[in-house]
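Q: Please take a close look at a single part of this model, after first setting out the chain that surrounds it. I would like one connected account, with the cut-offs behind each term.

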Amino acid sequence: MTTRDVVIASFLADTAWETAQHFDLAGDASARRYKRLKLPNEKTAVLMDAPFEGGNGTEQFANMAAYLTAKGLSAPKIYLQDHSQGLLLLEDLGDDLFARVIPNNPGTEAPLYTAAADVLTVLHQHTPPSGLPQMDAATLAEMIEPVFSWYVAGADRPWQQAWETFHNAIAPILKDHLGAPDVLVLRDYHAENLLWLPDRDGVGKVGLLDFQDALLGHKAYDLVSLLQDARRDVPVDVERQTKAHFVHNAGLDPQSFDVAYALLGAQRNLRIVGVFARLCMHYGKPHYVDMIPRVYDLAMRNLRHPILKEPADILRETLPAPTADILEKLKSKCATIPTS
């Protein structure tokens, strides 16, 4: 047994889960690990292993889960917790991720995305928890930097001056057209973090995962995350219909929301291009490079909005398209991370 296995065994000692079988579950881009625990009576739970030294502490997750469930949303219930060891035992919401359900039954795609948008409408009606970091315009501008320091740099192009020029162009646009952060933003709100729970009622039919990095932000941010998915192609008609449904139900002004949606679409997707390059070059995860072309195309689509003409012109000169040669260059620099 590893040292971590001993810690987990101690965490589960003297509980019904002490002798449960353990099955590995797919993780995410973080250092967190997940296991499904199964009892002889078939009852299951999910163990989140997030050592604090890895920067993935469990307290934020538990606090946010409690907030979301109190609002009638389907975050996992917490069965056991030890924040000092970075361990949680969670309600098992199953395996029916949107990303799995939709390919098996394409007719569910539009209804599932509408249901996910309705969750955001309900979420935005509640006062967010206090003390959250704010994703204001200045923060959003700074968050784009990885596309230069990792993607452009990884393509062996000069990036420092390009980043400064781009930042000077995009920052005032974000400030002028996005209001102050005013709603809870879950951040990674997409098909691989949403579960379909058809036996539940209303917005409870959408199971929520991966919300520990929640912030205070703009109403459009999570909708962009949902509809401009880095990991799967959302049909344009589904994106358009879901967006219109959300705007109508939330009582928002369509024109100003379109501007915010384009701004946050450009901001988020440019950042992700850089993050995916970093996940390869720094963390040794080359498969993220394969998703860069989709995210790059989404960023370019948003940058066609007239409000973004100046930043788009700068990027045309400084941001290389993800050609096969560029992607291969990034993979050639992929770090080798020790397994132990």
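**From the surface to single residues**

A: The protein chain exposes about 15,900 Å², of which carbon and sulfur atoms supply 51%; such accessible areas come from the Shrake-Rupley method with a 1.4 Å probe, and for residues only the protein chains shown count as cover. This is a predicted model, in which local features need pLDDT of at least 70 and side-chain atom pairs count only at pLDDT 80 or more, whereas totals for chains, interfaces and linings use all residues. Residues are numbered from 1 along each chain as its sequence is written, and side-chain values use heavy atoms, with hydrogens and water left out.

Of the 340 residues of the protein chain, 51% count as buried, where buried means under 20% relative accessible area, exposed means over 50%, and partly exposed lies in between (1.4 Å probe, protein chains only). The protein chain holds 13 helices and 9 strands, which are DSSP runs numbered from the N terminus (helices H or I, at least four residues; strands E, at least two). Its radius of gyration is 21 Å, close to the 20 Å that the globule rule gives for 340 residues, so the chain is as compact as a globular protein of that length; the radius is taken over C-alpha atoms, and the rule is 2.2 Å times the number of residues to the power 0.38. Among contacts with a separation of 6 or more, 72% join residues 24 or more positions apart, a contact being heavy atoms within 4.5 Å.

The part chosen for the close look is arginine 294, which is found in helix H11 (residues 292-303). With a relative accessible area of 25%, arginine 294 is partly exposed. Leaving aside residues up to four places away in sequence, arginine 294 touches Asp229, Ala230, Arg231, Arg232 and Asp233. By contrast with these contacts, the C-alpha atoms of arginine 294 and alanine 16, which are 278 residues apart along the chain, are separated by 45 Å.

Glutamine 267 offers a second setting for reference, being found in helix H10 (residues 254-281). At 2% relative accessibility, glutamine 267 counts as buried, and, with residues up to four places away in sequence not counted, glutamine 267 touches Leu140, Met143, Ile144 and Tyr221.
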